[in-house]
Amino acid sequence: MIKLSKKTALAALAFMAVGSTASAQGWPADWTKATTPYRIVGNVYYVGSEGIASYLISSSQGHIVIDGGMPEGAPLIEASIRKLGFKVEDVKILLNTHAHIDHAGGLAQLKADTKARLYASKADEESLEKGVHVGDNDNGAVAYPAVKVDRTVKDLQTVKLGEVAITAHLTPGHTTGCTTWTLPVVERERALNVTFYCSTTVAGNVLIGNRAHPRIVDDYRASFAKLRMIPTDVFLPNHPGFADLAGKRQRLLRGEPNPYIDPTEMARFVDASAKAFEQELAKQENRR
Ligand SMILES: [Zn+2]
């Protein structure tokens, strides 16, 4: 991993929760802190750390895992899978939301341990296989363990495992191949749409004159428009703090109606994120 100064690393993490503490490397400590795994809705389970989400989708033919957390995150995800009563060897497919250290860092080890196939977008393939962010970023090229992509997915392509069918939506901007995944589930005989949201924060991305990602501003704006059109009952972002997943867990344990089901939440999140993006773009324009 390329060493960053604490200042630049923290600048990269403009999205980190206020008040969270940083590790010696400058990354938030909760990114590699274990937390109790649990079922969210239907056949979807939380198997991530306290600060970075990973999700398991179970099927009769094995499981799909979305995202691998930090480079040291794989053992933590595997322990969570076992705690839920599943077998790590039954993970057949690995998916990725985007090629950044905090969501792709643990994929190489997860892949080695499970022998699962990795599916990712064509545009993030190069980044995953080199193990480095592609595109100009104020924080430089943050490296992580490279991982071989077995199959690339196109926009609206569905990946199937047993009775599970999960669909890729290319939502570039945050990375060139940022991928949002949608999954129909059934919870107490109710059909619901689950969306695993790829990031839309700027997070140090150079928005003006980005040589490796010249269409970056158009990409972000098109992705916001696209994300607004995805019907979502259950909004699952790749950092749990974006949707207060831990707070919802407490409400669920108190016996409240499943708080993860909120058909208006993602639209509100997209609007707030689009607003923050335009503000950051204006800031970068003023800096020129
Ligand atoms: Zn990211």
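**Strand β6, its neighbours and the nonpolar cores**

Strands β6 and β7 (residues 151-153) pair in the parallel sense over 3 bridges, where pairing requires that DSSP finds at least two bridges between two strands. The model is predicted, with local features needing pLDDT of at least 70 and side-chain atom pairs counting only at pLDDT 80 or more, while totals for chains, interfaces and linings use all residues. Residues are numbered from 1 along each chain as its sequence is written.

**Around β6**
- Strands (E, at least two residues) and helices (H or I, at least four) are DSSP runs, numbered from the N terminus.
- Because 4 of the 5 residues of β6 (residues 117-121) are buried, this strand is largely enclosed by the rest of the structure; buried means that 20 or more other C-beta atoms, placed from the backbone, lie within 10 Å of a residue's own.
- Strand β5 (residues 91-95) runs parallel to β6 and is joined to it by 3 bridges.
- Tyrosine 119 of β6 stands opposite leucine 95, and its bridge partner in β7 is arginine 151.

**Nonpolar cores**
- The largest nonpolar core (buried Ala, Val, Leu, Ile, Met, Phe, Trp, Tyr and Cys residues joined through C-beta atoms within 7 Å) has 63 residues, and those with the most contacts inside it are Tyr55 and Leu236.
- Apart from this core lies another of 5 residues, among them Val202, Ala203, Ile216 and Phe277.

**Open sheet**
- In a mixed pairing, 5 strands form an open sheet in the order β8-β9-β10-β11-β12.
- Its edge strands, β8 (158-161) and β12 (234-237), each pair on one side only.

Definitions and conventions. A residue is buried if 20 or more other C-beta atoms lie within 10 Å of its own, exposed if 12 or fewer, and partly exposed in between; C-beta atoms are placed from the backbone.
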